[in-house]
Amino acid sequence: MYDGWKIIAGLVVFVVIVTLPFTMSIGKAYIKPEPRIDTPEIQKLSDAEKKCIESKEFMRTKHFQLLNEWRDEAIRSGHRVYVSSTGKTYTISLQNTCMKCHSNKSKFCDECHTFAEEIPYCWDCHIQPKEQNQKEAKR
């Protein structure tokens, strides 16, 4: 075997690359994020009104796809009304529709995005909501 050291070095590099995703997560605790929806705005709503534009399962898995579709519809096509799967209509607006109820960005958005190590670019264009703590909202 003439260049055996090259083969061994290649195998070592291959094993390191293949095991890297597993070794990078060693020592990190898995704490599932629990987004908080107990904002002052949601607390003001009646139980019948406390429904998001789509189901909880849909929003957990496809909210970013929905926001991308909204962006394309509003900016590129000029359509500003969204009809949900229940038939109810909503204004296409991150700030005026979504963040109206989910005003606790740090507890609602940031907690999951930090966990998933995602950096959303929503706030490159939109103004981040000013958060109120529960005591200030009750006054």
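In the predicted model, buried residues account for 21% of the 139 residues of the protein chain. The surface exposed by the chain amounts to about 11400 Å², and 60% of this area is supplied by carbon and sulfur atoms. The radius of gyration of the protein chain is 22 Å, whereas a compact globule of 139 residues would have a value near 14 Å. Taken along the principal axes, the box filled by the C-alpha atoms is roughly 75 × 40 × 30 Å.

The secondary structure of the protein chain consists of six helices and two strands. In sequence order these elements follow the pattern α-α-α-β-β-α-α-α, with the two strands placed between three helices and three further helices. Contacts between residues at least 6 apart in sequence were also examined. Of these contacts, 61% join residues that are at least 24 apart.

With regard to charge, the protein chain carries 21 positive and 18 negative side chains. The centres of the positive and negative sets are separated by 4 Å.

Two threonine residues were considered individually. Thr23 belongs to helix H1, which spans residues 4-24. The relative accessibility of Thr23 is 43%, so this residue counts as partly exposed, given that the partly exposed class lies between the limits of 20% and 50%. A polar contact links the side chain of Thr23 to the backbone oxygen of Leu20, at 3.1 Å. Thr23 and Arg76 are 53 residues apart along the chain, and a distance of 43 Å separates their C-alpha atoms.

Thr97 is located in helix H4, comprising residues 94-101. Here the relative accessibility is 16%, and Thr97 therefore counts as buried, the cut-off for this class being under 20%. The side chain of Thr97 reaches the backbone oxygen of Thr91 at a distance of 2.5 Å. When residues up to four places away in sequence are not counted, Thr97 touches Ile53, Trp70, Tyr90 and Thr91. Thr91 thus appears both as a residue touched by Thr97 and as the one whose backbone oxygen is reached by the Thr97 side chain.

Taken together, the two sites are described by partly exposed Thr23 in helix H1 and buried Thr97 in helix H4. In each case the side chain reaches a backbone oxygen, that of Leu20 for Thr23 and that of Thr91 for Thr97.

Technical notes
Residues numbered from 1 in each chain as written. Predicted model: local features only at pLDDT ≥ 70, side-chain atom pairs only at ≥ 80, totals over all residues. Heavy atoms only, no water. Helix = DSSP H or I, 4+ residues; strand = E, 2+ residues; numbered from the N terminus. Buried < 20%, exposed > 50% of the residue type's maximum accessible area, 1.4 Å probe, protein only. Polar contact = N/O pair within 3.5 Å; in protein donor to acceptor, adjacent residues only side chain to side chain. Rg over C-alpha atoms; globule rule 2.2 N^0.38 Å. Contact = heavy atoms within 4.5 Å. Areas by Shrake-Rupley, 256 points an atom, 1.4 Å probe, with all protein chains shown as cover. Lys, Arg positive; Asp, Glu negative; His and termini not counted. Charge placed at Lys NZ, Arg CZ, Asp CG, Glu CD.
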